[in-house]
Amino acid sequence: MKLRNKAAALLLLALAALLLAGLSLRARRAAAPAPLARPASAPPRRPAPAPARLPGPGALPGAGQSARRRRPPRPRPRGSRRGAASLKKLARRPGELRSFQAVLPPELWIHLAVVACGNRLEETLVMLKSAVLFSHRKMKFHIFTEDSLKPEFDKQLRQWPDSYTKKFEYRIYPITFSVGNPQEWKKLFKPCAAQRLFLPVILKDVDSLLYVDTDVLFLRPVDDIWKLLRQFNSTQLAAMAPEHEIPKIGWYSRFARHPFYGSAGVNSGVMLMNLTRIRSAQFKNSMIPTGLAWEDMLYPLYQKYKNAITWGDQDLLNIIFYFNPECLYVFPCQWNYRPDHCMYGSNCRAAEREGVSVLHGNRGVYHDEKQPTFKALYEAIRDFPFQDNLFQSMYYPLQLKFLETVHTLCGRIPQVFLKQIEKTMKRAYEKHVIIHVGPNQRR
Ligand SMILES: *[C@@H]1O[C@H](CO)[C@@H](O)[C@H](O)[C@H]1NC(C)=O
Ligand SMILES: *[C@@H]1O[C@H](CO)[C@@H](O)[C@H](O)[C@H]1NC(C)=O
């Protein structure tokens, strides 16, 4: 009797697994990139990536997920994280997106900061759009901008469809500098760029933050880069990618007249910061032997090096982490992929392997003709109508545009640019199919 029960249970499980596998196969087949063909079972004109249930970090759709749930929970490395972990479990409970958001406490949100001045309004909105399109967890945007741009930010962000606006909250801040001479800070590098140095001081209630330049695009969920914060060891408090992969042709290694991190420096266009740690750390420096708090160090450091620095606040960050290398987590170039990584030939190994995760179109390449691959991605995200099918209205047009870029060095490696974004869209699409079709089929 017992045995038969067990056998029956096993059979049921196997059937369920088969059903789920079948469904995810269907989804995959439907989403297979066949240029300009609408995926067979794609529901037309519906918000594609609006998961009804919050997936766990990196969760796979379908059969994988049900298999995961049976596994015993992994041991948590730190006791203090237990509370957060159980809250997370609560948040993962199946149900409406709305109820999940009522449950997800603010300390589990992703915080994204950007500083937008001058003519960077559109670029910033496209960056935020890329974050909203693909991410799972609720986000808080901290937008630092000139007073004249605030109304337009408000207006445009409110025009996005509900299914997306409920994934984030935002706050707009004026440009302020807490120490030193504001005019001097504003002139440093480009208007407002120095603002990012003051984020730990201004955002006192925020534990951790992802800062990005306005010319950054997320080609996969922001959740994925956010997870790197958890990989910090006990001394690390910020994370950036190298400025260059090959020191021999890097800018810092050839021209810098000030100390810089590592062999080629770091790029500050995509920067993870544990603000709690930054606020409490004492930083070694070349001015006084005892160490200084972040806020007390910035202005003296600037005064000391201002005649030697070229790239403004990024140089200051390089100087800071030169003296405090144990504080920096260096992530691979696929998280901050720039024209430098392909315009002289491909030199970002991580992106060759896994595809670009975060694109950084610096030097204005979204707005001129110098790097058409970068521009194609920018325009594809900018022009995507929120409610359309991702494959139909973004991925296939993008593939076509890439065909016109093969004459450039970056255009010769389309798979590097397309691999992650294709994977991201497939996941968003599969989740949609499984959640909206799945329950009906099982009934
Ligand atoms: C940031 O650091 C603080 C202090 O070490 C820690 O409690 C917190 O969990 C860290 N935040 C993240 C997101 O890892
Ligand atoms: C953390 O990692 C950095 C970089 O690898 C290293 O320099 C530092 O010593 C590490 N800290 C600890 C406490 O292991």
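Student: What makes up the accessible surface of the protein chain, and how much is there?
Tutor: In this predicted model, the accessible surface comes to about 20700 Å², and carbon and sulfur atoms account for 55% of that area.

Student: What makes Ile246, Ile249 and Tyr344 a patch?
Tutor: Nonpolar side chains are joined into a patch within 5 Å if each residue has over 30% relative accessible area and no salt bridge. Ile246, Ile249 and Tyr344 form such a nonpolar patch on the surface, with about 270 Å² of accessible area together. Tyr344 belongs to the loop between β8 (328-330) and α15 (349-354).

Student: Why is Gln314 called buried?
Tutor: The cut-off for buried is under 20% relative accessible area. Gln314 has 10% relative accessibility, so Gln314 counts as buried. This residue is in helix α14 (residues 313-323).

Student: What makes the pairing of Gln314 with Tyr252 a polar contact?
Tutor: The limit is 3.5 Å between N or O atoms. The side chains of Gln314 and Tyr252 are 3.1 Å apart in their polar contact. Leaving aside residues up to four places away in sequence, Gln314 also touches others, including Glu243 and Val266.

Student: Why is the pair Glu169 and Lys138 called a salt bridge?
Tutor: The rule asks for a side-chain nitrogen of Lys or Arg within 4 Å of a carboxyl oxygen of Asp or Glu. For Glu169 and Lys138 the closest N and O atoms are 3.6 Å apart, and the pair forms a salt bridge. Glu169 lies in strand β3 (residues 168-173) and Lys138 in the loop between α5 (121-134) and β2 (139-145), so this pair ties together parts that are 31 residues apart in sequence.

Student: Are Glu169 and Lys138 buried or exposed, and how do you know?
Tutor: Partly exposed is the class between 20% and 50%. Glu169 has a relative accessible area of 35% and is therefore partly exposed. Lys138 is at 9%, so Lys138 counts as buried.

Student: How do you know that Asp313 and Arg196 form a salt bridge?
Tutor: The closest N and O atoms of Asp313 and Arg196 are 2.2 Å apart, and the limit is 4 Å. Distant parts of the chain are linked by this pair: Asp313 is in helix α14 and Arg196 in the loop between α8 (182-187) and α9 (199-202), 117 residues apart. Asp313 and Arg196 are both buried.

Student: What makes Glu243 and Arg338 a salt bridge?
Tutor: The N to O distance is 3.8 Å, again set against a limit of 4 Å. Glu243 sits in the loop between β6 (238-242) and α11 (251-255), and Arg338 in the loop between β8 and α15, so the pair ties together parts 95 residues apart in sequence. Glu243 has a relative accessible area of 11% and is therefore buried; Arg338 has 1%, so Arg338 is buried as well.

Student: Which residues do salt bridges with shared partners join into one network?
Tutor: Glu369, Lys375, Glu379 and Lys401. The count of salt bridges comes to 18.

Student: Which residues are around ligand 2, and what makes Thr235 one of its polar partners?
Tutor: Asn233, Ser234, Thr235, Gln236 and Glu326 are around ligand 2. An N or O atom in the side chain of Thr235 is 2.8 Å from a nitrogen atom of ligand 2, and the limit for a polar contact is 3.5 Å. The protein covers 45% of the 360 Å² of accessible area that ligand 2 has on its own.

Methods
Residues numbered from 1 in each chain as written. Chains lettered and ligands numbered in written order. Predicted model: local features only at pLDDT ≥ 70, side-chain atom pairs only at ≥ 80, totals over all residues. Heavy atoms only, no water. Areas by Shrake-Rupley, 256 points an atom, 1.4 Å probe, with all protein chains shown as cover. Patch = residues over 30% accessible without salt bridge, like charges linked within 9 Å, V, L, I, M, F, W, Y side chains within 5 Å. Helix = DSSP H or I, 4+ residues; strand = E, 2+ residues; numbered from the N terminus. Buried < 20%, exposed > 50% of the residue type's maximum accessible area, 1.4 Å probe, protein only. Polar contact = N/O pair within 3.5 Å; in protein donor to acceptor, adjacent residues only side chain to side chain. Contact = heavy atoms within 4.5 Å. Near = heavy atom within 4 Å.
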